[in-house]
Amino acid sequence: MIVMDRENLFARGWSHVVSTGNDIDELEAFRVLVGAPPQALQLGNVKWPHLDLRGEPRLVALRMPGVIVVERTPDLIRYVRAHRGLTSRA
């Protein structure tokens, strides 16, 4: 399942996109679907692989059916942790 924040408060015009299952293949398929460049896929933190989206790919992603959109990055982290059954910082 894909979850994204509406806008990163520290980087206006950008959104984070994560897979609730940390599925890199799901993120890569979503990246291609919304037309984001390969550099959008961030794998440096294997605990939280994600997409960084801006511009048209971000706007396309925000309109995609089935994408869970939360307001802020902390909301995104809380949502994913709850979905994964994590209550502590993991």
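Here are three short exercises on the structure above, each with a worked solution.

Before you start, note that this is a predicted model, in which local features need pLDDT of at least 70, side-chain atom pairs count only at pLDDT 80 or more, and totals for chains, interfaces and linings use all residues. Residues are numbered from 1 along each chain as its sequence is written, and side-chain values use heavy atoms, with hydrogens and water left out.

**Exercise 1. The fold**

Work out which order the elements of the chain follow from the N terminus on.

Begin with the inventory: 3 helices and 5 strands. Helices (H or I, at least four residues) and strands (E, at least two) are DSSP runs, numbered from the N terminus. Reading along the chain then gives β-β-α-β-β-α-β-α. The radius of gyration is 12 Å, close to the 12 Å that the globule rule gives for 90 residues, so the chain is as compact as a globular protein of that length. That radius is taken over C-alpha atoms, and the rule is 2.2 Å times the number of residues to the power 0.38.

**Exercise 2. A link between distant parts**

Find which residue forms a salt bridge with Arg6, and where the two partners lie.

Start with the criterion: a side-chain nitrogen of Lys or Arg within 4 Å of a carboxyl oxygen of Asp or Glu. The partner is Glu71, with the closest N and O atoms 2.9 Å apart. Next, place the two residues: Arg6 is in the loop between strand S1 (2-5) and strand S2 (14-19), while Glu71 is in the loop between strand S5 (68-70) and helix H3 (73-84), 65 residues apart. Finally, check the accessibility, where buried means under 20% relative accessible area, exposed over 50%, and partly exposed in between (1.4 Å probe, protein chains only). Arg6 is partly exposed at 37%, and Glu71 is partly exposed at 46%.

**Exercise 3. A bridge within a helix**

Decide whether Arg31, the salt-bridge partner of Glu28, is buried or exposed.

First locate the pair: both residues lie in helix H1 (residues 24-34), 3 residues apart, about one turn of the helix. Their side chains meet at 2.6 Å, N to O. Now look at each partner: Glu28 is partly exposed, with a relative accessible area of 28%, whereas Arg31 has 9% and is buried.

To finish, put this pair in context: a search of the whole structure finds 6 salt bridges. Among the residues involved, Arg72, Asp75 and Arg78 are linked in a network.
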